[in-house]
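I'm opening a fresh notebook page for this chain. Here is what I looked up, entry by entry.

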Amino acid sequence: MRLAGRERLGFYPLPAREAERIRRFLLFPDKPCCALDPCAGDGAAFAEIASDKKVLRCGVELDAGRAEQARTKGIEVIHANCFDVQCPVESFSLIYLNPPYDFEIGEEKSQRMEKLFLEHVHRWLIRGGILVFVVPAKRIADCASLLARDFRDARVYRLTEIESARYKQVVLLGIRRTRQERDRLRDSEIIQAQLWLSSLERKLEELPSLPAEPDYQYAAPPGGTVRLVHRGLPLDLIEDLLPKSSAYRQASALLFARQADVTGRPLTPLHGGHVGLLCTAGMLNGIFGDGEARHIAHWQSVKLVDKSEEEEDGKTIIREKERFSNELTLVFCSGEIATLK
């Protein structure tokens, strides 16, 4: 994941229109039941998907601010890492899972977070419960073995809103198999389902888009109340106590160092090379010019990707090479903005 994505903890919310369409696929029982979002975010999508008076909505969210936002939408949220949360197996009637699109770095091997989240939470789903799984199409293959073995009546739809299409997202809806249904499964059926799920990335454009009116409906089974237990570190308390620690005070001088203020005139005139270095280092940012030419200048480093194509043994090989360059943004008093690369 890029640094910008890590800053927001992999939070890429499902657009409201997609959530509304998914909701129409779901039927909730007259009796109380519980639904879970283990990556609740601000809770907007989950509140729509599980919008029913009989549904108790539970969530887990790592970011304190978004956890508070989700609580305002009627969701019982635990501020924690989902992997530090415990729950009795077969507790929830529905699980909506839109996990971070990232790698987990391990000592032995790295694994996709989509797979790890699914493996961790699918056990909490009641037999006959509904899974709503939102991921990029190419990540379905990582989860194909578990999905083919544990879920039936799986349907996959392509999401079409701008942000969803950008990440080539799909939604998979399925029902968790009972133990008897799993025992009756033949190996050939599992293999066939795995092959189908693994091929979805290549057949993305052939997948039906998520329709405004459902072509199938999933009925959630009734269930009792559920209690999620956090076994990890108390993140809120640690965050409050951290600034008071001696280690934090020692590190703060480096972590939050004041920006150097460079002033004064050089002893000798600067030649073009000197000016170029100062500009690209961001030391000549500011307001320049007079009258209509008055403007704000801001330099920054940007990453560029150069692509080249080569023919080798009848195949076209595309090579990508990353490099860093500098970019100058100018904002003029007239409101005109120019970017020089």
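**Entry 1, ground rules.** Before I look at charged pairs, I need the cut-off: a salt bridge is a side-chain nitrogen of Lys or Arg within 4 Å of a carboxyl oxygen of Asp or Glu. I also note that this is a predicted model.

**Entry 2, a pair within one helix.** I looked up E68 and R71 first, and their side chains meet in a salt bridge, at 3.0 Å from N to O. Both sit in helix 4 (residues 64–71), and because they are three residues apart there, about one helical turn separates them. How covered are they? E68 is partly exposed, with a relative accessible area of 44%. R71 also counts as partly exposed, at 34%.

**Entry 3, the total.** How many salt bridges does the structure hold? I find 21 of them. As a reminder to myself, side chains of opposite charge can pair when their charged atoms come close.

**Entry 4, R23 and D52.** Next I checked R23, which forms a salt bridge with D52; their closest N and O atoms are 4.0 Å apart. R23 belongs to helix 2 (residues 16–23), while D52 is in the loop between helix 3 (44–49) and strand 3 (55–61), so this pair ties together parts that lie 29 residues apart in sequence. Is R23 buried or exposed? At 16% relative accessibility, R23 counts as buried, since the cut-off for buried is under 20%. D52, at 25%, is partly exposed.

**Entry 5, R152 and E181.** Then I turned to R152, whose salt bridge partner is E181, with 3.2 Å between the closest N and O atoms. This pair links distant parts of the chain: R152 is in strand 10 (residues 151–158) and E181 in helix 8 (residues 179–184), 29 residues apart. I have R152 down as partly exposed, with a relative accessible area of 26%, and E181 as partly exposed at 21%. I also wrote down a network here: R149, D150, R176 and R182 are joined into one by salt bridges that share partners.

**Entry 6, a sheet.** Now for the strands. In what order do the four strands of the open sheet run? The order is 14-15-16-17, and the pairing is antiparallel. Strand 14 (286–288) and strand 17 (337–340) are at the edges with a single partner strand each, so one side of each has no neighbour in the sheet. On average, neighbouring strands of this sheet are turned by 45 degrees against each other, ignoring direction.

**Entry 7, pairing, strand by strand.** I went through the bridges one pair of strands at a time.

- Strand 14 pairs with strand 15 (residues 295–312) over three bridges, and G286 has A297 in strand 15 as its bridge partner.
- The hairpin of these two strands, 14 and 15, has six residues in between, and G289 takes a positive phi near 85 degrees there.
- Strand 15 is joined to strand 16 by 18 bridges, and E309 has its bridge partner I318 in strand 16.
- Strand 15 and strand 16 form a hairpin with two residues between them, and D313 in the turn has a positive phi of about 55 degrees.
- Strand 16 (residues 315–332) pairs with strand 17 over four bridges, and V331 has I337 in strand 17 as its bridge partner.

**Entry 8, a nonpolar patch.** Last, I asked which residues make the nonpolar surface patch of about 370 Å². I287, I296, V331 and I337 do. V331 is found in strand 16, and at 33% relative accessibility V331 counts as partly exposed.

Conventions: Residues numbered from 1 in each chain as written. Predicted model: local features only at pLDDT ≥ 70, side-chain atom pairs only at ≥ 80, totals over all residues. Heavy atoms only, no water. Pairing = 2+ DSSP bridges. Axes fitted to C-alpha atoms, helices over the stretch in contact; angles between N-to-C directions. Patch = residues over 30% accessible without salt bridge, like charges linked within 9 Å, V, L, I, M, F, W, Y side chains within 5 Å. Areas by Shrake-Rupley, 256 points an atom, 1.4 Å probe, with all protein chains shown as cover. Buried < 20%, exposed > 50% of the residue type's maximum accessible area, 1.4 Å probe, protein only.
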